[in-house]
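Me: Please take a close look with me at a single part of this structure, and explain each term when you first use it.

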There are 2 protein chains.
Amino acid sequence: MNALFKALNDPTRRQILDLLRTGDLTAGDIADQFAMTKPSISHHLDLLRQAGLVDSVKEGQFIRYTLNTTVLDEMLSWLLSFKGSSVHNSSPPGGATER
Amino acid sequence: MNALFKALNDPTRRQILDLLRTGDLTAGDIADQFAMTKPSISHHLDLLRQAGLVDSVKEGQFIRYTLNTTVLDEMLSWLLSFKGSSVHNSSPPGGATER
DNA sequence: CTATTATTTAGACATTTGTCTAACTATCTA
DNA sequence: TAGATAGTTAGACAAATGTCTAAATAATAG
């Protein structure tokens, strides 16, 4: 889960994921969308791949990147578990002693 | 959304949130659960508060921290939008030309 | 085989981040 | 008021992060 949060903790990487929802893209096509060098984008893609958020397939001299949302399930259920376990309590700080 | 991802991108902070699901806690009670100094925990709590994930109320000499999951909704719908828009395509790299 | 194109790898560098110690503010208690 | 307790703020510092340029790898085109 750590790699997942880490990967999502960057606007550029989230934007890359947004780009990929429309369909697969090559590294170059992705890099063209940003005011950033290709090596930088390549690094971001690497982190996304490490997190399992994208898959990459080499096709000739291109590398096609594909969105993979299955890893999001883990995060999704983690988040949902919070929405479920809202306790709304207000027990006193000290522990059991109510002053 | 940036502050939210940033806040969640740390194991300690996520653990603090997990602690708070059981109920409110003071800064000290939270700090006691970690092998880390109080100033460090205080800093983590500050980031969580900045992200809107926790609320803090001063009660005497204590500060009670409360979990606030409302900000998670934004993130939740962002994540869900990905699960919805899986395209499963495999268009060729070049762009629009379907060869 | 050479040149070109697509992409990554390596290394440098500034910024951000997480942690610590020391000092400060505020509340409670004797 | 003095001392203890709860918590934060300030500053330092190492490690992680995001970006860049230069060079390397690999596939394609002439």
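Reply: Among the atoms of DNA strand D that lie within 4 Å of the protein, 79% are in sugar or phosphate, and the rest are in bases. This is a predicted model, in which local features need pLDDT of at least 70 and side-chain atom pairs count only at pLDDT 80 or more, while totals for chains, interfaces and linings use all residues. Residues are numbered from 1 along each chain as its sequence is written, chains are lettered from A and ligands numbered from 1 in the order in which they are written, and side-chain values use heavy atoms, with hydrogens and water left out.

DNA strand D is surrounded by 23 residues, of which the closest are A:Ser40, A:His44, B:Gly28, B:Ser42 and B:Tyr65; a residue is near a strand if one of its heavy atoms lies within 4 Å of it. Two of these residues also appear when phosphate oxygens of DNA strand D are examined, since an N or O atom in the side chain of A:Ser40 is 2.8 Å from one, and an N or O atom in the side chain of B:Ser42 is 2.7 Å from one. The side chain of A:Asp10 likewise has an N or O atom 3.4 Å from a phosphate oxygen of DNA strand D.

Both chains contribute elements to this surface: helix 4 of chain A, together with helix 3 (27-31), helix 4 and strand 3 of chain B, each supply at least two of its residues. Helices (H or I, at least four residues) and strands (E, at least two) are DSSP runs, numbered from the N terminus. Helix 4 of chain A gives the largest share of the surface near DNA strand D, five residues. By class, this surface has eight nonpolar, eleven polar and four charged residues, where Ala, Val, Leu, Ile, Met, Phe, Trp, Tyr, Cys and Pro count as nonpolar, Asp, Glu, Lys and Arg as charged, and the others, Gly among them, as polar.

DNA strand C can be described in a similar way. It is surrounded by 24 residues, the closest being A:Gly28, A:Ser42, A:Tyr65, B:Ser40 and B:His44. Of the atoms of DNA strand C that come within 4 Å of the protein, 75% belong to sugar and phosphate. Phosphate oxygens of DNA strand C lie 3.1 Å from an N or O atom in the side chain of B:Lys6 and 3.0 Å from one in the side chain of B:Arg13, whereas for A:Ile63 a backbone N or O atom lies 3.3 Å from a phosphate oxygen of this strand. Here the largest share of the surface, five residues, comes from helix 4 of chain B, and the classes are eight nonpolar, eleven polar and five charged residues.

The two protein chains also touch one another, with 37 residues of chain B in contact (heavy atoms within 4.5 Å) with 38 residues of chain A. Between them there are two salt bridges, a salt bridge being a side-chain nitrogen of Lys or Arg within 4 Å of a carboxyl oxygen of Asp or Glu. One salt bridge joins B:Asp73 to A:Lys83, with the closest N and O atoms 2.8 Å apart. On the side of chain B that touches chain A, helix 1 (2-8), helix 2 (11-21), strand 3 (62-67) and helix 5 (72-84) of chain B each supply at least two residues, and helix 5 of chain B gives the largest share, ten residues.

Notes:
Polar contact = N/O pair within 3.5 Å; in protein donor to acceptor, adjacent residues only side chain to side chain.
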